[in-house]
Amino acid sequence: MDYVDATIPIAKLLAASFADVPTIRPYTIKSGAKLPACVVKPVGRTTFQVLTRSDSDIQALDLCTDIANFLKRNFAYVEDVNIFDVQLQTPIYPSRNQDTDTPEAWCYLTIDYFEN
């Protein structure tokens, strides 16, 4: 089986579904990105981190919660990868980015999918 990276297809679905979030990216959030922002990145074969940043800690936490719940309910709509289950691996944690002093929230999701 060939390796399939689900990160970009997941970020594409989120960008199409959360039009009010100006920055949704795979892998990293660039410095100076327009807020609110979200990044989806792999941290293992089936473990992905969802991280959101905003001007407000409550908004960052709410956005991370909304995105995690959206992925749990709508994983079948991710194109180019056959996802069959999404579960929260951790609670959703509020925090603060050390470099930018920006409120953020994050969680880990287990995203199980078939490789081609």
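**Exercise 1. What volume does the largest pocket have, and which residues line the largest pocket?**

Solution. The model is a predicted one, and its largest pocket has a volume of about 160 Å³. The next step is to list the lining, which consists of Ile 29, Lys 30, Ser 31, Gly 32, Ala 33, Leu 35, Arg 53, Asn 97, Asp 99, Thr 100 and Thr 102. Sorting these residues by character then gives three nonpolar, five polar and three charged. Arg 53, one of the lining residues, returns in the next exercise.

**Exercise 2. Find how many salt bridges the structure holds, and work out which parts of the chain are tied together by the pair that includes Arg 53.**

Solution. The structure holds two salt bridges. Begin with Arg 53, which pairs with Glu 104, their closest N and O atoms lying 2.9 Å apart. Because Arg 53 belongs to strand β3 and Glu 104 to strand β6, this pair ties together parts that are 51 residues apart in sequence. As for their surroundings, both Arg 53 and Glu 104 are buried.

Turn then to the salt bridge between Asp 101 and Arg 96, in which the closest N and O atoms are 2.8 Å apart. Here Arg 96 has a relative accessible area of 46%, and since partly exposed covers the range between 20% and 50%, Arg 96 is partly exposed.

**Exercise 3. Determine whether Tyr 113 is buried or exposed, and trace what Tyr 113 touches.**

Solution. Tyr 113 is found in strand β6. Its relative accessible area is 4%, and because buried means under 20%, Tyr 113 counts as buried. Leaving aside residues up to four places away in sequence, Tyr 113 touches Tyr 3, Val 4, Asp 5, Ala 6, Arg 45, Phe 48, Val 81, Asn 82, Ile 83 and Phe 84. Two of these partners can be followed further. The side chain of Tyr 113 reaches the backbone oxygen of Val 4 at 2.8 Å, while the C-alpha atoms of Tyr 113 and Arg 45, which are 68 residues apart along the chain, are separated by 9.7 Å.

**Exercise 4. Identify which residues of helix α1 are buried, and state which elements they pack against.**

Solution. Helix α1 spans residues 7-17, and within this helix Thr 7, Pro 9, Ile 10, Ala 11, Leu 13 and Leu 14 are buried. Following the contacts of the buried residues of α1 leads to the strands β1 (23-26), β2 (37-42), β3 (47-53), β4 (82-88) and β6 (103-114), and also to helix α2 (57-74). Among these partners are β3 and β6, the strands that hold Arg 53 and Glu 104 respectively.

Note on methods. Residues are numbered from 1 along each chain as its sequence is written. This is a predicted model: local features need pLDDT of at least 70, side-chain atom pairs count only at pLDDT 80 or more; totals for chains, interfaces and linings use all residues. Side-chain values use heavy atoms; hydrogens and water are left out. Buried means under 20% relative accessible area, exposed over 50%, partly exposed in between (1.4 Å probe, protein chains only). Helices (H or I, at least four residues) and strands (E, at least two) are DSSP runs, numbered from the N terminus. Contact means heavy atoms within 4.5 Å. A salt bridge is a side-chain nitrogen of Lys or Arg within 4 Å of a carboxyl oxygen of Asp or Glu. On a 1 Å grid over the protein atoms alone, a cavity is a set of points where a 1.4 Å probe fits but cannot get out, and a pocket is an open set with protein on both sides within 12 Å along at least five of seven lines; lining residues have an atom within 4 Å of a point. Grid points are joined across faces, edges and corners, and a volume is the space filled by probe spheres set on the points. Ala, Val, Leu, Ile, Met, Phe, Trp, Tyr, Cys and Pro count as nonpolar, Asp, Glu, Lys and Arg as charged, and the others, Gly among them, as polar. A polar contact is a pair of N or O atoms within 3.5 Å; within protein, one must be able to donate a hydrogen and the other to accept it, and residues adjacent in sequence count only if both atoms are side-chain atoms.
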